[in-house]
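Me: Please take a close look at one part of this structure, the sheet and what packs against it. I should like a connected account, with a word on internal empty space at the end.

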Amino acid sequence: MSWLPRTLLYLVFVVILLSGSFPVGESAIGVNWGTISFHRLKPSTVVDLLKDNKIKKVKLFDADPDALTALVGSGIEVMVGIPNEMLAALSSSTDASDLWVRQNVSRYVVKGGADIRYVAVGNEPFLTSYSGQFQSFVVPALLNLQQSLVKANLAGYVKLVVPCNADAYESSLPSQGAFRPELTQIMTQLVSFLNSNGSPFVVNIYPFLSLYGNSDFPQDYAFFEGSTHPVTDGSNVYYNAFDGNFDTLVSALNKLGYGQMPIVIGEVGWPTDGAFGANLSAARFFNQGLINHVLSNKGTPLRPRVPPMDIYLFSLLDEGAKSVLPGNFERHWGIFSFDGQAKYALNLGLGNRLLENAKNVEYLPSRWCVADPSKDLTNVANHMRIACSVADCTTLDYGGSCNGIGAKGNISYAFNSYYQLQMQNAQSCDFDGLGMVTFLDPSVGDCRFLVGVTDHKKSIAFRPPHRRTTIWTSILWWVWFFLML
């Protein structure tokens, strides 16, 4: 009767295949914690903010030691990141990968330490706009880092992933999804590696960018309340862009033979300012709809009852020092403002009905720099240009929350942004005598004149946002260089 157990296992396997479904697991809602900001909260304040909101998963874009130290003992699962600029060195040398793992993973993954579960190797390295710049480094870097994790006895616990932009695949219909032709070989290698090591496929999906970049894109298709312009794909009907995009990836993976690979959404969200359609109500409508949709476990037409494994909202906090090359909205993705104050009511489905604000935020004194109403402001343009070339004035542009406050309001906003950036230094409100300090909040309606926070590293306002990336890239490059001698 030894054939019986084997037969039963076979029957169970057949039933699972015929059911056409995947094991149902509950999706987890996490957040991206970016730090490209002129006004950075203390990392301990941010971790308390995560804990108060019962957020159990966080994704970093580097391996910032201050952030990781603050996460020690928090019980929050962490994805650390390796910037694209480091991939060349890591792909060329196991000594470089050993060093990186030792400094950024091993030292924290100890009893009572930081709970690092994933290492993101690069960030959207296959992005079309990079023109293949990082493409050849990805898989070799993965292989070296995997060896380093094995040496550190962490390969079974810490998984390597590669966050991809949705432009890595394409199709007019979800069922016809395929990776870009020039990526077919490398994607086959990547998903094979992920599958062999128990890692998910991580993708960033942004319906907002589809709406922003295409005037013909149906607005209601970007959200989750149904659409008057659904996409019909055979017997499947798609009522929102997220599901359509997700299933396009499912089809692309299926064409490579990995149709059942778990998928994590590394970034998804909606900005609140800096563009037409980027506002508080739209952001709340999208994010709440997304959360409800995912936590309903409804899944998608190609993966019914199987939502993404995890979803990381982009983003936790606004980042006022980010590049605005994609658009001014880049600085306004946070569900919280730069100082940890909730922008709108949002139920994350994690136990709190509403978002909890950051506590014990250390603000600068309540004072603002505005244009002196008694002065002739005819020649103020150059001062505004200088102020806004340094500080963040993106809310003043078309579609921004401060776009309608008038010429004098615009001047005052620019002056104040610069003044707060300079930690309220008295001279920074001079502007050749055109500025003055006031103790009356000049905010108008939804246009908020900020007051800065006491930075845990005050020099952040004056240093390039990717300084740590540059330092690590230099270290790893020199390791690689000397090994090649």
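Reply: What follows describes the sheet, its helices and then the cavities. The model is a predicted one.

The sheet is open and holds nine strands with parallel pairing, in the order β5-β4-β3-β2-β1-β15-β12-β9-β6. Its edges are formed by β5, residues 159–161, and β6, residues 164–165. Each of these two has a single partner strand, so one side of β5 and one side of β6 remain without a neighbour in the sheet.

At the β6 edge, the partner is β9, which spans residues 201–204 and runs parallel to β6, the two being joined by two bridges. Asn165 has Asn204 of β9 as its bridge partner. Helix α7, made up of residues 184–196, packs on the sheet here and touches β5, β6 and β9. The direction of α7 makes about 125° with that of β9.

Another helix, α5 (residues 94–106), lies across β3 (77–82) and β4 (115–121). Relative to β4, helix α5 runs at about 140°.

As for empty space, a search of the whole structure yields five cavities of 30 Å³ or more. The largest cavity contains about 110 Å³ of space. It is lined by 13 residues, and those closest to its centre are Trp33, Gly34, Arg40, Leu41 and Leu317. Sorted by class, the lining of this largest cavity comprises six nonpolar, four polar and three charged residues.

Methods: Residues are numbered from 1 along each chain as its sequence is written. This is a predicted model: local features need pLDDT of at least 70, side-chain atom pairs count only at pLDDT 80 or more; totals for chains, interfaces and linings use all residues. Side-chain values use heavy atoms; hydrogens and water are left out. Two strands pair if DSSP finds at least two bridges between them. Helices (H or I, at least four residues) and strands (E, at least two) are DSSP runs, numbered from the N terminus. Contact means heavy atoms within 4.5 Å. Axes are lines fitted to C-alpha atoms, for helices over the stretch in contact, and angles run from 0 to 180 degrees between N-to-C directions. On a 1 Å grid over the protein atoms alone, a cavity is a set of points where a 1.4 Å probe fits but cannot get out, and a pocket is an open set with protein on both sides within 12 Å along at least five of seven lines; lining residues have an atom within 4 Å of a point. Grid points are joined across faces, edges and corners, and a volume is the space filled by probe spheres set on the points. Ala, Val, Leu, Ile, Met, Phe, Trp, Tyr, Cys and Pro count as nonpolar, Asp, Glu, Lys and Arg as charged, and the others, Gly among them, as polar.
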